[in-house]
Amino acid sequence: MKKPRFIFIFFGPPGSGKGTQSDVLGAKLGYPVISTGELLRHEEKIKSALGLKARRYIKKGELVPDELIHKMMQRRLTKRDTTKGFILDGYPRDAKQLDDLLKLTQTKYEIWLIEIKVSDKEVINRMSGRRVCDCGASYHLIYKPSKKSGICDLCGKKLYIREDDKPAVVRERLAHYKDSATPLIAYGKKYKRLISIKGEQAIVKVKQDINSKVAKVIKN
Ligand code: AMP
């Protein structure tokens with residue numbers, strides 16, 4: 001029998017650690033991790049037409065229109081590294097995006113959803129300490145400090161607070177998150193493909209929970 005190919009979709013509120021955890025799982029499985037947030041920040045940085053259009057939404061914590069995201073994902077999924085399977089972080093974010101993804105991939109892959117649960121209070125707490133680097137690395141003043149304060153361990157550049165990590169914007173993003181999670185949870189429940197993880201544990205414990213649940217899925 002042909003081995004199934006998997007897509008693992010991570011979702012959780014901002015600051016739930018889904019970025020970190022999707023990278024860990026990606027490295028373990030040898031799958032690329034596709035983060036629409038990262039792809040958009042890259043487009044912004046190189047000042048592409050798409051990046052410039054997306055920028056005004058990102059700054060306000062609003063979702064970037066689905067057509068732009070769809071175009072970007074369509075392009076990304078043509079790359080050969082996705083043929084074995086891949087991980088998604090931050091996409092799909094609404095029912096339309098889920099539908100687009102299903103159309104792009106459904107018959108070729110088995111889709112699983114990994115939900116990282118964190119309370120609103122903890123989200124606000126976490127986001128105020130997040131520091132990022134242009135190279136893509138992400139730190140936290142309390143949970144994951146860089147070795148030298150304010151400096152990236154990987155490339156030595158100065159760390160900064162993302163515009164959309166400011167408290168008013170975080171509240172806006174949280175509200176969007178709740179809307180976006182609804183269709184994903186519904187899909188996961190309907191097809192019995194939902195993995196729920198308690199996100200308010202130590203990062204290593206979250207990682208272990210994900211690994212053991214994903215291992216069961218892959219073995220079956
Ligand atoms: P993230 O890094 O996933 O927190 O995303 C940062 C910002 O990029 C979000 O607040 C949105 O403005 C935008 N964004 C990322 N992914 C998507 C998506 N799938 N759909 C629409 N907007 C997105």
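Here follows a short exchange between a visitor and a guide about helix packing, a ligand site and a loop.

Visitor: What kind of model is this?
Guide: This is a predicted model, in which local features need pLDDT of at least 70, side-chain atom pairs count only at pLDDT 80 or more, and totals for chains, interfaces and linings use all residues. Residues are numbered from 1 along each chain as its sequence is written, and side-chain values use heavy atoms, with hydrogens and water left out.

Visitor: Why are helix 2 and helix 4 called roughly perpendicular?
Guide: Their axes cross at roughly 100° and come within 11 Å. Axes are lines fitted to C-alpha atoms, for helices over the stretch in contact, and angles run from 0 to 180 degrees between N-to-C directions. Angles under 35 degrees count as roughly parallel, over 145 as roughly antiparallel, 65 to 115 as roughly perpendicular and the rest as oblique. Helix 2 and helix 4 are therefore roughly perpendicular. Helices are DSSP runs (H or I, at least four residues), as are strands (E, at least two), numbered from the N terminus.

Visitor: Which residues make that contact of helix 2 and helix 4?
Guide: Helix 2 brings Thr 36, Leu 39, Leu 40 and Glu 43. Helix 4 brings Ile 69, Met 72, Met 73, Arg 75 and Arg 76. Contact means heavy atoms within 4.5 Å. The residues divide into 5 nonpolar, 1 polar and 3 charged. Ala, Val, Leu, Ile, Met, Phe, Trp, Tyr, Cys and Pro count as nonpolar, Asp, Glu, Lys and Arg as charged, and the others, Gly among them, as polar.

Visitor: What makes helix 3 oblique to helix 4?
Guide: The axes of helix 3 (residues 49-60) and helix 4 (residues 66-76) cross at roughly 140° and come within 11 Å. That angle makes helix 3 oblique to helix 4. Leu 50, Lys 53 and Ala 54 of helix 3 meet Leu 68, Met 72 and Arg 75 of helix 4. By class, the contact has 4 nonpolar, no polar and 2 charged residues.

Visitor: Why are helix 5 and helix 7 called oblique?
Guide: Helix 5 (residues 95-105) and helix 7 (residues 167-190) pack at about 45°, with axes 8 Å apart. They are therefore oblique to each other. Ala 95, Leu 98 and Leu 102 in helix 5 meet Pro 183, Leu 184 and Tyr 187 in helix 7. This contact has 6 nonpolar, no polar and no charged residues.

Visitor: What places Asp 94 by helix 7 residues, and what does its side chain reach?
Guide: Asp 94 lies in the loop between strand 3 (85-89) and helix 5. Not counting residues up to four places away in sequence, Asp 94 touches Asp 66, Ser 180 and Pro 183. Its side chain reaches the backbone nitrogen of Gln 97 at 2.7 Å. A polar contact is a pair of N or O atoms within 3.5 Å; within protein, one must be able to donate a hydrogen and the other to accept it, and residues adjacent in sequence count only if both atoms are side-chain atoms.

Visitor: Which atoms of Glu 62, Val 64 and Arg 162 lie by the ligand?
Guide: A backbone N or O atom of Glu 62 is 2.6 Å from a ligand oxygen. For Val 64, a backbone N or O atom is 3.0 Å from a ligand nitrogen. Arg 162 has a side-chain N or O atom 3.4 Å from a ligand oxygen.

Visitor: What is the peptide bond from Tyr 91 to Pro 92?
Guide: That bond is cis, with omega near 0°. Most peptide bonds are trans.
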